[in-house]
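Please read the following account alongside the sequence and the coordinates. It starts with the whole chain and then turns to enclosed spaces and single residues.

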Amino acid sequence: PFVTSPVPRQPLWLRDRMGPLILAGIARLPDSDVRTAFLAADLLFPIGIALSLMFLSWELRPSMSFAVAATSLIMFFNWQDVLNFIAFLRGARQNSATFLRTPYPQLSMILFALFLLSLVRMVRKSTLAAGLWFGILLAVNVLTYFYSWTYALMFIGTTGLLLLTAALFPSLELPIPSIRNSRYTCFALVGGTTVSLLLTFPVWAGIVTENPIVHDAFVRGSGTLGHRPELKHSSLLLVLLIVLLLWRNSRWANRWLAVVYLSSSLLVMNIQVITGKTIQPEHWAAYYIQPLFLLFLIDFLWTLSRGNHRTLGRMVAVILLAAGILTSVYKLSIGARQAIDFNRRDPAFEQLLSLLQQPRLRDYGFLSNDEYVNSVLPAFVIQKPLWPLYLDPLTDAQLASLKMASERSLESGSIPDLVSNSQTPRGPIPPSPALTFQTDRIIFVLNRHLSFSDSLLTNRRVLLQNQDFLVL
């Protein structure tokens, strides 16, 4: 609705948009805005993470003490969080936490934990309801995050391979769960996965067909080419996998799932060995592999504690939960004071936000002559930012065309680099049809301390003018 020339509709989804769509839906509710949406999500999503991890932990070991201890360990004492806290105690500024970012990994972790729960239940119980939930949650993960559904597919594949190999070669004595109906389990794995992938084909079809948008976004997103295996995490994963496979007299009831977890992690971290491509594999490691490692670790330690140690289990759960809450409160209290200057909004900016939050202006797009305002303002207002970002699902040529259209609308006469904060596109950028914005659909948020064209003042109404901003 913001360009004058017709733009071909992109038939592919190409991005995992479930989280942003939920946030946008909350922001567009009456009397809501972007800030309210993030505040609501940052309250509800961590609760969702805790509940989903509790359900998953309970499925692995029906013990409230274990569920509380495992959830606390994952949420508060993930490896990177521990390192950040140690650095914080030594004087460093409060750093990011694993589950700090809202759509990813907060929402994606909720849905992945529920998917893993559905996979375990379907394998163990082999009911129609379990198979249905398995298919639904796989589809939702595909719509939510690239790193979720690719990891989920590895879990499905390794589970099927483990069950098939154990059935064909019983002499190997592979760890398998107690299954009510092996035929139904295999049918549900294959059928549920197939139906889910068919229903969500717009997400992955562009990857399979090497769509130009996927290619350019891959390069801009620091994607790497080559078949070199990943060794940093894979070495430990491989050693643990071999130990578990050889430890045939283990009493660990969830050993089969730990084998699936280790195998899936090895495969997803080394997908480039087969495909020749990977993109930021540390996302799998930080958001999924490391947190789940803690789950299986504490489950294994619980198994080693022979006999009935309910009192000890309760003490461990209380200590982990209390320590997690106390360290989080301490980090947040100090971190909030450290971040006051960075997050302070001065009166001029508050006036700008009050203007743009008016319902009559919600359906406009905005442009600014200040690159910082273009990148920061979307965190506060519902209006469409018309200056494209390098993460947008567009080709390099389309990005260049939109940036030139933005420059023409601003009439500054200068065209910046194609992609900010990303790798330089490889090879020449093919021409793209010229686009022109409908200026009557644009709110211009001008930084008065930077230059802008006087022609913008012609035939445009001044919506706001203060010492820092001129809004037309």
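**From the whole chain to single residues**

Among contacts in the protein chain between residues at least 6 apart in sequence, 73% join residues at least 24 apart. The model is a predicted one. Its protein chain contains 19 helices and seven strands.

For overall dimensions, the C-alpha trace of the protein chain spans about 80 × 50 × 40 Å along its principal axes. The radius of gyration is 26 Å, which agrees with the value near 23 Å that a compact globule of 472 residues would have. Of the 472 residues, 46% count as buried. The accessible surface of the protein chain comes to about 24800 Å², and 65% of this surface belongs to carbon and sulfur atoms.

Next come the internal spaces. How many cavities of 30 Å³ or more are there? The count comes to two. The largest cavity holds about 50 Å³ of space. Its lining is made up of Ser32, Asp33, Leu356, Gln357, Arg362, Phe380, Val381 and Ile382. By class, four of these lining residues are nonpolar, two are polar and two are charged.

The open spaces include the second largest pocket, which has a volume of about 580 Å³. A set of 24 residues lines the second largest pocket, and those nearest its centre are Trp79, Gln80, His233, Ala285 and Gln290. Which elements give two or more residues to this lining? They are helix H4 (79–89), helix H11 (234–246) and helix H14 (282–304). Helix H14 provides the largest share of the lining, with eight residues. By class, the lining of the second largest pocket divides into 14 nonpolar, seven polar and three charged residues.

Helix H14 also holds Phe293. Is Phe293 buried, partly exposed or exposed? Its relative accessibility is 29%, and because buried means under 20% and exposed means over 50%, Phe293 counts as partly exposed. Leaving out residues up to four places away in sequence, Phe293 touches Leu240 and Tyr261. The C-alpha atoms of Phe293 and Leu237 are separated by 9.8 Å, with the two positions 56 residues apart along the chain as a sequence separation.

Thr278 belongs to strand S2, which covers residues 277–279. With a relative accessibility of 9%, Thr278 counts as buried, since the cut-off for that class is under 20%. What does Thr278 contact, leaving aside its neighbours within four places in sequence? The partners are Phe218, Gly223, Thr224, Ile271, Gln272 and Trp284. The C-alpha atoms of Thr278 and Gly226 are 8.3 Å from each other, although the two residues are 52 residues apart along the chain.

Towards the start of the chain, Ile26 is found in helix H1, residues 18–27. Ile26 has a relative accessible area of 22% and is partly exposed. Apart from neighbours within four places in sequence, the contacts of Ile26 are Ser32 and Ala37. One of these, Ser32, is also among the residues that line the largest cavity. A separation of 8.4 Å lies between the C-alpha atoms of Ile26 and Ala40, which are 14 residues apart along the chain.

Two glutamates draw attention for their backbone angles. Glu173 is not a glycine, yet has a positive phi of about 55°. Where does Glu173 lie? Its position is in the loop between helix H7 (146–168) and helix H8 (182–199). Glu173 is partly exposed, with a relative accessible area of 44%.

Glu210, also not a glycine, has a positive phi of about 55°. Glu210 is placed in the loop between helix H9 (201–208) and helix H10 (212–220). Is Glu210 buried or exposed? At a relative accessible area of 58%, Glu210 is exposed, because exposed means over 50%. Glu173, at 44%, falls in the class between the two cut-offs, which is called partly exposed.

Key
Residues are numbered from 1 along each chain as its sequence is written. This is a predicted model: local features need pLDDT of at least 70, side-chain atom pairs count only at pLDDT 80 or more; totals for chains, interfaces and linings use all residues. Side-chain values use heavy atoms; hydrogens and water are left out. On a 1 Å grid over the protein atoms alone, a cavity is a set of points where a 1.4 Å probe fits but cannot get out, and a pocket is an open set with protein on both sides within 12 Å along at least five of seven lines; lining residues have an atom within 4 Å of a point. Grid points are joined across faces, edges and corners, and a volume is the space filled by probe spheres set on the points. Ala, Val, Leu, Ile, Met, Phe, Trp, Tyr, Cys and Pro count as nonpolar, Asp, Glu, Lys and Arg as charged, and the others, Gly among them, as polar. Helices (H or I, at least four residues) and strands (E, at least two) are DSSP runs, numbered from the N terminus. The radius of gyration is taken over C-alpha atoms; the globule rule is 2.2 Å times the number of residues to the power 0.38. Buried means under 20% relative accessible area, exposed over 50%, partly exposed in between (1.4 Å probe, protein chains only). Contact means heavy atoms within 4.5 Å. Accessible areas come from the Shrake-Rupley method with a 1.4 Å probe; for residues, only the protein chains shown count as cover.
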